[in-house]
Amino acid sequence: MVILHVKHGDASQFLYETSTSTSIQQLLEEILNIYNGRLKVYRVMAEMEELAKHGTFLPPDMLGLTDEQVEELKLRDDQGERCKPSGYIENKDPIGRRNGYQPPIKMQDLIKTTIEEVKNKISKTLVERNQCLTEAVVQEGKGFGFDP
């Protein structure tokens, strides 16, 4: 067995264990799946953090509009109104991408705990602990109702 240390520039990304009989093409495909999968998981986790702070996305026709523009154009977020979490907290999104219906504290804590668990499974700190990353672990991280 061989352990490869995958880096981006000088920054360690992950360790990958393979055998000497693995073809370069197969090895490249497996490493790229892990590398790109980690990036996708981190993007999903970033969106989950925003979900915990500001609620769900606004409809495409309302994204980035000010409250005055929404009123002037008589636009409504019907889906957001139907999907308000019970006990929500109003927290307006300064960017104007989300509806501002922040989930209750318990739900926020659950989202944050899930984010931390997933990030720890694919973290760069695995290199320091000499733990190899596998495609299965990255696929598990992508398994939150999302398979890009």
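**One aromatic pair and the chain around it**

In this predicted model, the count of aromatic pairs comes to 1. The partners are Tyr 88 and Tyr 101, whose ring centres sit 4.9 Å apart with the planes at 65°, so the pair is edge-to-face; the cut-off for that label is an angle over 60 degrees. The pair ties together distant parts of the chain, 13 residues apart. Tyr 88 belongs to the loop between helix 3 (78-82) and strand 3 (89-90), while Tyr 101 lies in strand 4 (residues 101-102).

How buried or exposed are these two rings' residues? Tyr 88 has a relative accessible area of 29%, so it is partly exposed. Tyr 101 comes in at 12% relative accessibility and therefore counts as buried, the limit being under 20%.

Stepping back to the whole chain, there are 6 helices and 4 strands. Read from the N terminus, the order is β-β-α-α-α-β-β-α-α-α. As for overall shape, the C-alpha atoms fill a box of roughly 65 × 30 × 25 Å along the principal axes. The radius of gyration is 20 Å, whereas a compact globule of 148 residues would be near 15 Å.

Of the 148 residues, 32% count as buried. The chain exposes about 9700 Å², with carbon and sulfur atoms supplying 54% of that area. Among contacts between residues at least 6 apart in sequence, 54% join residues at least 24 apart. On the charge side, there are 19 positive and 24 negative side chains, and the centres of the two sets lie 2 Å apart.

Key:
Residues are numbered from 1 along each chain as its sequence is written. This is a predicted model: local features need pLDDT of at least 70, side-chain atom pairs count only at pLDDT 80 or more; totals for chains, interfaces and linings use all residues. Side-chain values use heavy atoms; hydrogens and water are left out. Helices (H or I, at least four residues) and strands (E, at least two) are DSSP runs, numbered from the N terminus. The radius of gyration is taken over C-alpha atoms; the globule rule is 2.2 Å times the number of residues to the power 0.38. Buried means under 20% relative accessible area, exposed over 50%, partly exposed in between (1.4 Å probe, protein chains only). Contact means heavy atoms within 4.5 Å. Accessible areas come from the Shrake-Rupley method with a 1.4 Å probe; for residues, only the protein chains shown count as cover. Lys and Arg count as positive and Asp and Glu as negative; His and the chain ends are not counted. The place of a charge is taken as NZ of Lys, CZ of Arg, CG of Asp or CD of Glu. Rings of Phe, Tyr and Trp (its six-membered ring) pair if their centres lie within 6.5 Å; planes under 30 degrees apart count as stacked, over 60 as edge-to-face and the rest as tilted.
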